[in-house]
Amino acid sequence: MTRHSFLIAALAVLLPAAALAQKAGEPFLDDAKAGVALRSMWFDRELPNGKSQETWAAGAGLWGRTGYWRDTLSLGARLYAELPLYAPKDKDGGLLLQPGQKGYSIFGEAWAKLKYDEQILTLFRQGLGANPQKATGVRSLQTDLNYLGTRDIRMVPLTYEAAMLNGAITKSLSYQFGYVDKVKDINSDKFVSMSRLAGVTTKDTGLWNGGLQWNPAQDMWVQGFYYEVKDVIRIAYTDFDWVNRISKDSYWRVAAQYSDQRSDGANLLTGSAFKTWNAGLYGEYGWTWLRLYAAASSTGTGQAMRSPYSFGPFYIGQRIKTFNRAGEDALMAGTTFDLAGFGLPGFSIDLNAADGRHAIDAATRGALPKWREYDSDFIYLFPKDSIVPNMRLRFRYGTVAEDFGTRTDRTDDIRFDVNWAVNFN
């Protein structure tokens, strides 16, 4: 048995007993928690070449964690299992299941946390990228904490084998620092090196990262992070986000971001040196049941932006396309309606459109097609006192037109997903 297998087996045996333990005067047991996250998704994408990707899958994430032993040590694990409900092999590619439309299971998380005061060191398999920017009552702007996160866009998120240290320096200033050795992709049961997931096949290297987040005032954040995969890529990122409360029922919000990406060392990613950048602006206005939002971004001509380890921080990351090709200028606008004020509590609708143009192929410098994408979400969240408290039903539709000048290609994307988190204690 390898050391990895031994640790996972030990956690799998320990956690159920700890989570179900009765009060015994020991926080390691008393504060133990366990639960399951149930998920099902139907995914159907019609491609311009006449082919389609279609999958209906169901899955669960069974998790458990202990409390802290002597306020120092906590253990946790999460087992993911996915199975096909409808998965024709000739419509593979939707990334809900493994290639060939196969189900799988894996201990995506199996970690130990060591705590000293407000500093926490997390070791081995873990999720990364939970964004602490949590202003209430506003639109969720980023699914991940910039370039190292979950990319939770299908059934199972990215998870990592890493040693990560984070905590508070002052009441308003926090940090993150660590080394990430391997990553599990969103439809895989294997962990591979960070360089492999980025697209390098000749060398296995990990990722060093570190950053700071400053919260100088209520609902205001400034942060900066740096990432480096030796001989592959370097990424520097910063952003600003501020929500200003006009009244009890209204607010406005402004945000800005900037990324710098470039090759590193032996340039294994593209075979030659490159550098590029992306800058974005975002604005939002909210009033009772209505939110209006818009964004603009521009990308340097050196290369398209890359985000192999997260969905990315980009304001214009849409359902089908992410508008950050080399040289691309993009605009996006949308609105969200909370229908509770119209007698439909739990119902909401989100509609948006994005436009990207001036993109080029970084290698040939030739023009790429203009993109225009329209996306919509229809969501129902069950109330807390229902038989399925906080279960979310979501129907999503997106369509993108690629304008080549002489022809226009169209991609249609339809999804329906069900998410329900159940805590055992």
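**Exercise 1. Work out which residues Thr-399 touches once sequence neighbours up to four places away are left out.**

Solution. Take contact as heavy atoms within 4.5 Å. Thr-399 then touches Ile-320, Arg-372, Glu-373, Tyr-374, Asp-375, Arg-410, Thr-411 and Asp-412. Next, place the residue: Thr-399 sits in strand E18 (residues 392-403), where helices (H or I, at least four residues) and strands (E, at least two) are DSSP runs numbered from the N terminus. Then check burial, with buried meaning under 20% relative accessible area, exposed over 50%, and partly exposed in between (1.4 Å probe, protein chains only). Thr-399 comes out as buried, at 13%.

A word on the ground rules: this is a predicted model, so local features need pLDDT of at least 70 and side-chain atom pairs count only at pLDDT 80 or more, while totals for chains, interfaces and linings use all residues. Residues are numbered from 1 along each chain as its sequence is written, and side-chain values use heavy atoms, with hydrogens and water left out.

**Exercise 2. Trace the side-chain polar contacts around Asp-412 and Arg-410.**

Solution. A polar contact is a pair of N or O atoms within 3.5 Å; within protein, one must be able to donate a hydrogen and the other to accept it, and residues adjacent in sequence count only if both atoms are side-chain atoms. Start with Thr-399, whose side chain meets that of Asp-412 at 2.7 Å. Move on to Arg-410, whose side chain is joined to that of Asp-412 by a polar contact of 2.9 Å. The side chain of Arg-410 also makes one with the side chain of Tyr-397, at 3.3 Å. Finally, look along the chain: Arg-410 is in strand E19 (residues 408-423), yet its C-alpha is 8.4 Å from that of Glu-46, 364 residues apart along the chain. Arg-410 also touches residues including Glu-46, Leu-47 and Pro-48.

**Exercise 3. Find the members of the largest nonpolar core that touch the most other members.**

Solution. A nonpolar core is a set of buried Ala, Val, Leu, Ile, Met, Phe, Trp, Tyr and Cys residues joined through side-chain atoms within 4.5 Å. The largest has 28 residues, and the best-connected ones are Leu-148, Tyr-160, Val-180, Met-194, Leu-207 and Tyr-309. Elements giving two or more residues to this core are strand E6 (159-168), strand E7 (173-184), helix H3 (194-198), E10 and E11. Apart from it lies another core, of 12 residues, among them Tyr-293 and Trp-371.

**Exercise 4. Compare Asp-117 and Asp-231: is each buried or exposed?**

Solution. Backbone angles come before burial here. Asp-117 has a positive phi of about 55° although it isn't a glycine, and Asp-231 has a positive phi of about 70°, also without being a glycine. Now for location: Asp-117 is in the loop between strand E4 (104-116) and strand E5 (119-126), and Asp-231 is in the loop between strand E10 (220-229) and strand E11 (233-245). As for burial, Asp-117 is exposed, with a relative accessible area of 61%, whereas Asp-231 counts as buried at 10%.
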